[in-house]
Structure formats: structure tokens, C-alpha cells
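Work through the two exercises below with the sequence and the model at hand, and compare each step with its solution.

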Amino acid sequence: MIFPPETIPTRVGVYLQDEIEFGNGEFSIIPGLRYDYYDLNISIDEDFERNGATATDFSDSSFSPTLALVYQPTSALSFYGRYARGFRAPQYDEINSGFTNQIFGYRTEPNPDLEAETSNSFEVGMRGNFSKFNVSLAGFYNRYNDFIDNQLVDTEFVGGRPLLVFQNVNVDDVETYGAEVKAEYQFTPGEGGFSVLGALSWTEGNNLSSDQPLSTVDPLEAVLGLRYRDERWGAELVSTLVGEARGEGFEPEADQDPFVPDGFTVFDLIGYYQINPNLTVNLGLFNLFDTDYELYSDVRFLDSNDELFELQRSRFEQPGFNVQAGVTWQF
């Protein structure tokens, strides 16, 4: 176990934005500017030094401009384009903290050389809000410098068992791009009654420095559902479809076979009943057909050729059919 040092983080963020309308209100230009300051001040104790870990203070700041253009030909329909400069400072646990889990066979290492991540993001899209139909569509492209990525950097053996070693590192040049669409059709106008809904999320990512797929990008996901709502209760039958991931979780060696899980489909039935304006009961029946599956984000570093692969994989299997209930009390 590597214990994090005592850390005092300081975060300051200031954001200014203006909106300029012209063309009888059909067009809007929205410029903005954000200033971020981030500082980590550590105090290394004897326990931390005894582990032989290296820690460091961190301080950085950035001005991040944004610019958006909106065209709204009608009150129900709008189109937009947006540019944003991004800044993400590494968190204290990404720089100076580590953890060992012998049960799941992994260890995380600190990285005192981690730098802040910056990006340039571009997005175009449209939104429609009609009496019985709502839809939104967006496409985006992001380009990152010093992208903060959690990577498998080594494999150790403790007692004959492999111990995967992870570390957050900077990747010089990374791109992500994709599209998202959401829609809902209501059979009757208003907020109540039956409706069908759907959503699709697709993202691709590339490590341009190594010409490899970016392992932290989740696969294609689609959601389809049937919903009913009225003043007192509501229910949804939702199916979630997840595709097969595109790339390996790490650079394979000659005797390695990076594991990429199959796509899957799960069905959930969730509902609520409002007893009074302050008290609501929620009930969910999840994974109705008891599907066996793993999330790519959990298993992307597993090696199919490892003799303990099946044991490691079983630890990341998602729950089969399960029931969850809750009560929400607002006061």
C-alpha cells in the first residue's frame, strides 16, 4: 500500500459569458472566457517516505475561450456550432497516490511528472422541441495535448500471481470524435401518457503518438425504451445495446492476447409511485433476462492467455437479474 501524502488542493475558476442577438433574434453569438487556477500543496509524512514513493507539488493555470453560434429559425428548432478550449489539471490521486489490491491483482503508481491536459473541442448540432416529438443531434471532434490516460505500465509477480501495474501518464497527441442522438415521441401532447424513446452514442479515439486506438473509449451504445408517466406514477421498459470495443487495452507482447468482451443487450424495468408531493417510492428490475456480460472499461487490460484469466474475468462480471428499491423524501 502506498499512502498518499497530506494534500491541500486549491481550485479557482472564473467564467465570463455574453450573448449577442441579431437578425430579429434568429442568430446569437455567445463568446465566453474561463480562467482556472489549480494548486496542490503536499506535506510528505514518514509513512509516505518509508514506501519509497515520489511526490511533488503541482501548480498550473489557464485561460480557456469559448465561442458559440446559434441559429433558431423557429421557436421549436435550433442549430448550433461551438468551439471550446479545455483545461484539466491532474487530481491529487493521479499524481501522488497509489493503491495495491491483491484480491483483484492490480497496483496503481503515482506519477509526479504528470502535466495538465489541454484540448480544442468542436461541436455542431441541432435541437427540436415539438408538441409530440423531441430530438437532439450532435457531432464532435476533440484534439488533446498531454492527454491524461490510465495505462498498464508493467506486470509484476507476487507469490507466483501476476500483479498489473497501472499509472496515469500523459499522451502527447490524442483525438476523439463521434456523434450522439436522442429522441422521444409522445403519443399524446403534454408530459403524460405513453412515449417511445431512443438514444445512440458513438465515439472513436486514437492515440496519434503511437498510431493505436485509444483504450479508454467505450464502445457504441444504444438505448431503446417504452415509457408511461402521469401525475402519480410512471414506468419504463428499457433495452441497452452495447457493441464490441474497437481496440486493445494495451500494447500486446508476443505471448499476450488482449481481451475484448463481446457486445451485449440487457433489459431493465424501472418505475416510481408518488405517494405525496414529498414522498416517492422507486423500484427497479434490472437485467431481466439474466444476461452474462462485462464492461469493456473494467476488463480492457486482461490477457486471455494468462492462466488466471478466467478468475480475473469472473471478478468483473456484472450482476445478473437483480432488484433495487428506494424511497425519496423531499423536505
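Buried means under 20% relative accessible area, exposed over 50%, and partly exposed in between, with a 1.4 Å probe and protein chains only. The model is predicted, so that local features need pLDDT of at least 70 and side-chain atom pairs count only at pLDDT 80 or more, while totals for chains, interfaces and linings use all residues. Residues are numbered from 1 along each chain as its sequence is written, and side-chain values use heavy atoms, with hydrogens and water left out.

**Exercise 1.** Place F133 in its strand, classify its accessibility, and state how that strand pairs.

*Solution.* F133 lies in strand β9, residues 133-158, where strands (E, at least two residues) are DSSP runs numbered from the N terminus. Because its relative accessibility is 31%, F133 counts as partly exposed. Strands pair if DSSP finds at least two bridges between them; β8 (residues 117-129) runs antiparallel to β9 with 12 bridges, and T118 stands opposite N145 of β9. On the other pairing, β9 and β10 (residues 161-186) are antiparallel over 24 bridges, with L152 bridged to F166 in β10.

**Exercise 2.** Decide whether E175 is buried or exposed, and find which side chain it joins in a polar contact.

*Solution.* E175 is found in strand β10, and it counts as buried because its relative accessibility is 14%. Its contacts (heavy atoms within 4.5 Å), leaving aside neighbours within four places in sequence, include Y141, R143 and E204. The side chains of E175 and Y141 are joined by a polar contact of 2.8 Å, the term meaning a pair of N or O atoms within 3.5 Å, of which, within protein, one must be able to donate a hydrogen and the other to accept it, and residues adjacent in sequence count only if both atoms are side-chain atoms.

Terms used: Helix = DSSP H or I, 4+ residues; strand = E, 2+ residues; numbered from the N terminus.
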